[in-house]
Amino acid sequence: MKSVLKVLILLSSLIISGYSEAAQPVQDTIFKRLELKEVFIQGHTQSKHPGSAFYQSSSLSSTEDILSKIEGVSLIRRGPIGMEPVLRAFSGGQVNLVIDGMRFFGACTDKMDPVTIYTEPVNLKSIDIKYAGDGMAMGPSIGGSLNLKLAEPTINSEKKMTGTIASGYYTAAAAVQNILALNYSSNKWALRVSGVYRKAENYRNGLNQKVDFSQYEKANASISGKYQLNSKSSLKADVLLDDGWNIGYPALPMDVGFARARVAALTYTHELPNKLIKNLEAKVYANSIRHAMDDTKRPLVPIHMDMPGKSDTQGAFVQAQLKSSGKHSLSMKLDSYHNRVKADMTMYASNSAPMYMLTWPTNHQIVSGLYIQDLITLDEKNRLDFKVRLDAAFSKVSNKMGQDQFAVLGYDVSKPINNLLKNINAGYTHFIDSEFSIYASSGYSERLPTTSERFGFYLFNRMDNHDYLGNPNLKKEQALNTELNFIYSNNNISIKLSGFSSYLQNFIIGQTQSGLSVMTIGADGVRSYNNIPSARVIGAESSLNYHFANHHFILNNTLKWLNGQDSNGKPLPLIAPFKSISSLRFTHHHLFLQAEYEISSAQNNVSADFGEKSSPAFSIINLRANHTFNLNKYNLELSAGVENLLDMAYYEHLDWAKMLRPGRNIYTMLSMKF
Amino acid sequence: MGINDFEIAIFKRQDMMAFPAEDNYSITMTPEMPSMGHGSPNNVNPVLTKNGHYKGKVNFTMTGDWRINLELNKDGKTTKTFFDLLF
């Protein structure tokens, strides 16, 4: 029952897990097999969701591997890890990347550390993606939200100790990965501990060349404890530690010396099925990120630079679902966070004193919001949902040096910038019959400019070879989003077709400033962020999951297509071309074999101004095999496979600097569950 | 750092004892970081206030070695000079 409800929550975008009165038995069957936007992670406990096998193609898959398979997600790739998720056409400040609902801001001025770099699938339960206004529960955004939900300890008095140990090896980068997950349970409490260690050398691309500066090393540990206060309430504490070091970014002029995240959270949940507040969740959290770029290993560095950055966030939220009254089921969320970022740069030129400047002047940001959702069940076949969100945002540069730097550019940033953000969305679900349904959604959203867009100081962008300046006077970016989904599902097949459009106003983009001289040696010019009157994005996606031959075969396919233009009809940058991923899995007893075919068309609609060039089409084939067996009381799983079987030399359009991806990559992994 | 007042005074050595103020110069000032090869934006060239004193604004975008380049123009003749700062 619980898993069915989870899937329902995806569609209705309910922010509270648990029992929902909207989950009417008649409709449950329709969604039984639908993996709309939430991808469950297999690991410690096997996910029974049919789509999981497709999205998480092997137990060694990283968070980024899983995201790359999701139909609405693309990745901006600057290195072997630290890829930046793009939801449909939106990235950066246009989307909210959160961990268990916690706000999180990378500490790197060059976007080397999206939140996804600080998690591993072993400490996740699921990845929940909601596009456009449907994702506003996590914060104001125009592109939606990506929530990395942390795995929870299981309270199970039957089996005190359970665990998984896994170890794997990839040939292309001589990469090792070791995973450990343990769950200890007593009657009233449980503890879950998980850890990952990954290390990779420079990988070999499809031309049989070693890609210099593509190595990395990373360790992640998470501890989660849950205590059942009584039958209705529980307390959960999470600590997550992630350390990466010596991470190469071959598409950038610098690598990363270290990237470190520390996360702590305390969550209280309460369920009172018959009271006015049916269930309640309250969370307080804090996270701290330290990041340092490193150019000491690069040859021919004109001037050595130290570029550290830090980001600290503290926040809290409380969300509640009210008892349904009549046709209405109301839920609300109150959230607030404070974020402080600071990044600086020290340059060491020969025969000269060190030079110092703030690349991100210390920026304090406080954002508090109220979110209300009403789910209206009109009758058995029709359902409406309304979502409203209002945020008050405060931003201030607190250090004198940062204020002085911006005074040089003609801006007074000594005073705070205040914004009010309004987000509203309405959705309509119609169940045509027991197998076919339609979901339409439309809304208006607003988002804040990011710290880089407001206060970035001569941040070098390798893509267009320009230095970027922030613009404290930026207006909010606004979007009118519409989408239409057709969903078909029966016992063996589920199909989802989506079409969507976004009309953006005050779209934030870099524009060349002719009067300014470059800071970075060799840069072509200086750009500053500006609002352009409008831009538009349209696109379509589909996903198919088909079981046949008595469930021996599962066919999965996803398609995605996007088109974006600015107000002059010029293509927007960072728009992925048409892509299709298909997989066919054959399962027999404890064995499965899987073949995958990824095909991408060329992208010729490119933003030359942004330094983009056309990308050619490519196709790759992956093969995987998996065998599970029991040895004494242990459950063992042996996986092996080959990615990019034909050793193609290829890159995707969003890969910076046309950096070729790994060539033929053979892997093997052994895991043991007990 | 930031925006700084810049004042320069020009006197001509007439003889060992007399240094009359020079009021007829137009001055172009360009700050530069010699080790980086870049300058800074929105500087204000010094203009005459009185008695050979010229006032303007010089902007520094970072700490380090800065060179202030000066072009002194009078009667179609240009004198170039500079001085260095470190902070």
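Student: How many helices and strands does chain A have?
Tutor: This is a predicted model, in which local features need pLDDT of at least 70, side-chain atom pairs count only at pLDDT 80 or more, and totals for chains, interfaces and linings use all residues. Residues are numbered from 1 along each chain as its sequence is written, while chains are lettered from A and ligands numbered from 1 in the order in which they are written. With DSSP runs numbered from the N terminus and counted as helices (H or I, at least four residues) or strands (E, at least two), chain A has 6 helices and 30 strands.

Student: What is the radius of gyration of chain A?
Tutor: For 674 residues the globule rule gives 26 Å, the rule being 2.2 Å times the number of residues to the power 0.38, with the radius taken over C-alpha atoms. Chain A comes close to that figure, so it is as compact as a globular protein of that length, with a radius of gyration of 24 Å.

Student: What percentage of the residues of chain A count as buried?
Tutor: A residue is buried if 20 or more other C-beta atoms, placed from the backbone, lie within 10 Å of its own, exposed if 12 or fewer, and partly exposed in between. Of the 674 residues of chain A, the buried share is 51%.

Student: How many residues does the largest nonpolar core have?
Tutor: A nonpolar core is a set of buried Ala, Val, Leu, Ile, Met, Phe, Trp, Tyr and Cys residues joined through C-beta atoms within 7 Å. In the largest one, the residues with the most contacts inside it include A:Val86, A:Ile127 and A:Tyr249. This core has 112 residues.

Student: Which residue stands opposite A:Ser582 in β27(A)?
Tutor: Two strands pair if DSSP finds at least two bridges between them; β26(A) and β27(A), the latter spanning residues 591-600, run antiparallel and are joined by 10 bridges. Their hairpin has 2 residues between the strands, and in it A:His589 takes a positive phi near 50 degrees. Opposite A:Ser582 in β27(A) stands A:Tyr597.

Student: Over which residues at the start of chain A does pLDDT stay under 50?
Tutor: Chain A averages a pLDDT (the predictor's confidence in each residue, from 0 to 100) of 89, and 93% of the residues score at least 70. pLDDT nevertheless stays under 50 over residues 44-48 of chain A, and it also does so over residues 1-36.

How values were computed. Two residues are in contact if their C-beta atoms, placed from the backbone, lie within 7 Å.
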